[in-house]
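The following paragraphs lead the reader through a structure step by step. Please keep the sequence and the model in view while reading.

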Amino acid sequence: MRTIFKTSYDPDINLFKDRFHRLCYAALCIVLILFPFFLNEYFIGELTLTLIWAIAGMGLMILVGQSGQVSLGHSAFMATGAYSVVILQSKLGLPFIFALPAAGLISALLGVLIALPTTRLHGIYLAILTLAISVLVEDIIVLAEPLTGGVNGMFASDIVIFGINFGRYSNIANLYWLVLFTTILLVLVYKNILRTPIGRAFASIRDSEVSASAMGVNVVLTKAVAFGVSSFFTGIAGAFFGHFATAFNYETFNVIMSITILLMIVVGGVGSIHGAFFGAIVITLLPVLISFLRDFIFQGTSINLMAFPGIETGIFSLILILVILFEPRGIYGAWLKTRTYFELFPLYRKDMFKRQKSYLKTERLR
Amino acid sequence: MILSLENISLNFGGIKAVDQVSLGIKEGEIFALIGPNGAGKSTMFNIISRYYTQSNGSIIYQNKSIDKLHPHQLSKIGVARTFQNIELFPNSTVLQNLLVGQNSSKTSNFLQEMLFLPSVRKAEIDRRIIVEEVIDFLNLQPFRDKQISALSYGTRKVVELGRALTMQPHLLLLDEPASGLSAEETTDLAFWIEDIKKIMGITVLMVEHDLNLVGKVADRVGALVEGNLVAIGSLKEIQANRKVVEAYIGT
């Protein structure tokens with residue numbers, strides 16, 4: 001285990017804790033940038049989708065993992081992002097580079113508008129309200145037909161920036177690089193949130209609203225900011241999702257999508273940026289793996305699993321239950337434990353990550 | 001007077017939790033509120049820190065009424081408090097908890113913070129320096145990077161005191177700072193509270209059951225009995241007061 005000798009407070013503030021750490025992430029970036037040169041179009045597409053899910057996951061992570069609020073309605077923000085970016089381009093003729101952040105901001109605005117009247121709700125009540133909003137957004141999309149194309153949905157044209165084409169079917173590698181670039185930017189923003197007062201304010205309302213307000217944190221405002229930032233991220237993911245799918249309608253952004261994003265961050269590990277990425281990898285890789293296994297089983301035993309619909313949802317649910325039962329910290333938690341095991345070898349103790357029961361909490365204040 | 005309460009009353013349904021209490025806290029003193037369980041001490045605290053709104057009376061802090069303020073606005077004007085049942089942020093480190101105390105004095109907004117402008121880094125270092133002073137004062141160095149959930153009860157109490165100190169208050173409200181502490185920890189606490197008054201110049205208002213601690217540090221003591229402030233004076237005078245004795249032991 002390496003020890004860093006600190007002579008100033010900067011190492012505690014910096015993004016990377018040492019040179020090795022920085023090197024690892026630089027290497028990861030280079031590998032990710034080089035991927036399109038080695039993979040075929042199908043895999044680049046899957047990789048792009050993984051990154052889009054990861055952005056959406058980070059969005060929900062800010063809300064659930066950092067601020068302790070629940071949302072079962074993040075498909076609504078995905079939908080807002082996707083529809084806004086296409087409408088802004090087709091109806092207003094805005095170029096993509098302005099339409100993308102604008103779509104994010106529109107989603108953020110929706111998030112803040114939802115947050116302000118609902119800040120008194122906690123836990124299950126907030127979950128049900130956000131669920132209702134996602135259903136409502138589906139209906140609004142159908143009703144606002146002149147703008148959204150109603151049940152027929154919309155077609156997203158290829159993304160063009162400064163004359164360069166980033167089309168899903170024509171230039172998938174370009175699209176991949178664009179999404180990768182955006183993802184890296186958003187990860188930096190997320191990291192900055194974590195190391196500044198706003199991130200600590202998020203954590204404080206997650207852990208104890210009473211003492212957060214005693215520390216001078218404006219609980220209502222902080223929740224609104226958390227919702228806003230979260231839906232901004234998700235809106236950006238939605239915008240890319242729309243362009244990736246090229247055609248979408250109200251059914252694309254249903255409740256299942258909200259639950260998928262939630263599943264993603266729980267499986268990945270709530271409370272960490274890594275978790276969003278691990279979760280995204282799981283939910284894009286798993287369908288591929290399932291269909292591969294299905295073919296394999298069919299060839300070996302001539303049992304056709306295609307005859308059993310819903311097997312995918314079943315496996316997803318099973319994974320979710322197993323993760324919650326055996327590794328509540330998700331894949332990232334498992335990775336942390338493994339890493340600590342080797343770092344401290346042979347001094348690792350089994351209970352090192354055991355959570356302690358918290359002491360008595362202050363009685364609810366009126 | 002740094003803080004004066006004028007005819008404060010609060011009813012919960014038919015129960016008068018606090019009844020017509022008037023009290024003045026002098027700048028730079030340590031004032032202890034004592035009283036049997038259910039006397040209204042914590043309710044008084046929650047009224048002063050604005051979690052409850054009194055049904056009558058007003059609170060004057062530094063010559064201004066604070067009746068209309070919300071709890072989160074108090075830190076800006078220099079009032080900090082601790083809680084009887086520790087209310088730390090258990091999933092963060094001691095350092096992070098202490099840094100939260102500095103949140104109210106920040107000058108950057110969340111957009112600047114998300115971009116991490118150079119001014120944000122500078123402010124972050126300034127905050128850290130203040131926090132490190134508190135860590136030195138309370139000997140919390142070994143626990144700086146420990147998660148709160150990994151600390152013992154006594155240490156958590158100290159961290160909670162530290163978090164209130166990082167807010168650099170003028171008036172510090174301590175809700176039973178010694179409850180659940182060992183005799184040794186209480187002795188340390190007594191020294192710290194005295195130093196908070198003498199070195200940092202902070203006025204302290206505390207609720208405490210441990211009369212040894214009260215006797216060691218408090219300049220004046222007030223006794224609350226069933227929502228009424230029955231006596232104010234030194235601990236000796238209070239202990240000799242018939243009403244107080246009656247309340248504790250019965251007639």
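A suitable place to begin is B:E176, a residue in the loop between β7 (171–175) and α6 (183–198) of chain B. The model is a predicted one, and in it the phi angle of B:E176 is near 45 degrees, a positive value in a residue other than glycine. As a general matter, most residues other than glycine have a negative phi. Is B:E176 buried or exposed? A residue is counted as buried if 20 or more other C-beta atoms lie within 10 Å of its own. B:E176 has 20 C-beta neighbours inside 10 Å, and therefore it counts as buried.

Chain B offers a second residue with a positive phi. B:N63 has a phi near 65 degrees, and this residue, too, is not a glycine. B:N63 is located in the loop between β4 (56–61) and β5 (64–65) of chain B. The surroundings of B:N63 hold 8 other C-beta atoms within 10 Å. A residue counts as exposed if that number is 12 or fewer, so B:N63 is exposed. The two loop residues thus carry a positive phi in each case, while B:E176 is buried and B:N63 is exposed.

From these loops the view may widen to the whole of chain B. Nine helices and 10 strands are found in chain B. The radius of gyration of this chain is 19 Å, close to the 18 Å that the globule rule gives for 251 residues, so chain B is as compact as a globular protein of that length. Taken along the principal axes, the C-alpha atoms of chain B fill a box of roughly 65 × 40 × 30 Å. Of the 251 residues in chain B, 46% are buried. When contacts in chain B between residues at least 6 apart in sequence are considered, 67% of them join residues at least 24 apart.

Chain A can be described in the corresponding terms. Chain A contains 15 helices and four strands. A compact globule with 366 residues would have a radius of gyration near 21 Å, and the 22 Å of chain A therefore agrees with that expectation. The C-alpha trace of chain A spans about 55 × 55 × 45 Å along its principal axes. Buried residues account for 42% of the 366 residues in chain A. Among the contacts in chain A with a separation of 6 or more, 72% are between residues 24 or more positions apart.

Within chain A, helix α4 (residues 74–90) deserves attention. Helix α4 of chain A has 17 residues and reaches 25 Å from its first C-alpha to its last, close to the 24 Å expected at 1.5 Å a residue. Because 15 of the 17 residues of α4(A) are buried, this helix is largely enclosed by the rest of the structure.

Another part of chain A shows how two helices pack. In general, two packed helices are described by the angle between their axes and the distance between the axes. For helix α12 (residues 255–268) and helix α15 (residues 330–343) of chain A, the angle is about 10 degrees and the axes are 3 Å apart. Angles under 35 degrees count as roughly parallel, and α12(A) and α15(A) are therefore roughly parallel to each other. Helix α12(A) contributes A:V266, A:V267 and A:G268 to the contact, and α15(A) contributes A:G330, A:I331 and A:Y332. By class, four of the residues in this contact are nonpolar, two are polar and none is charged.

One of these residues, A:I331 of helix α15 in chain A, may be followed further. A:I331 has 20 C-beta neighbours inside 10 Å and so counts as buried. Leaving aside residues up to four places away in sequence, A:I331 touches A:V267, A:G268, A:G269 and A:F278. The C-alpha atoms of A:I331 and A:G279 are separated by 7.9 Å, although these residues are 52 residues apart along the chain. In the segment after α15 of chain A lies A:P346, and the peptide bond from A:F345 to A:P346 is cis, with omega near 0 degrees. In general, most peptide bonds are trans.

It remains to consider where the two chains meet. The contact takes 37 residues from chain B and 33 residues from chain A. On the side of chain B that touches chain A, α2 (94–100), α3 (110–115) and α4 (118–137) of chain B each supply at least two residues. The largest share of that side, five residues, comes from α4(B). The residues on this side of chain B comprise 16 nonpolar, 13 polar and eight charged.

Terms used: Residues numbered from 1 in each chain as written. Chains lettered and ligands numbered in written order. Predicted model: local features only at pLDDT ≥ 70, side-chain atom pairs only at ≥ 80, totals over all residues. Contact = placed C-beta atoms within 7 Å. Nonpolar A, V, L, I, M, F, W, Y, C, P; charged D, E, K, R; others polar. Expected span 1.5 Å × (residues − 1). Rg over C-alpha atoms; globule rule 2.2 N^0.38 Å. Axes fitted to C-alpha atoms, helices over the stretch in contact; angles between N-to-C directions. Parallel < 35°, antiparallel > 145°, perpendicular 65-115°, else oblique.
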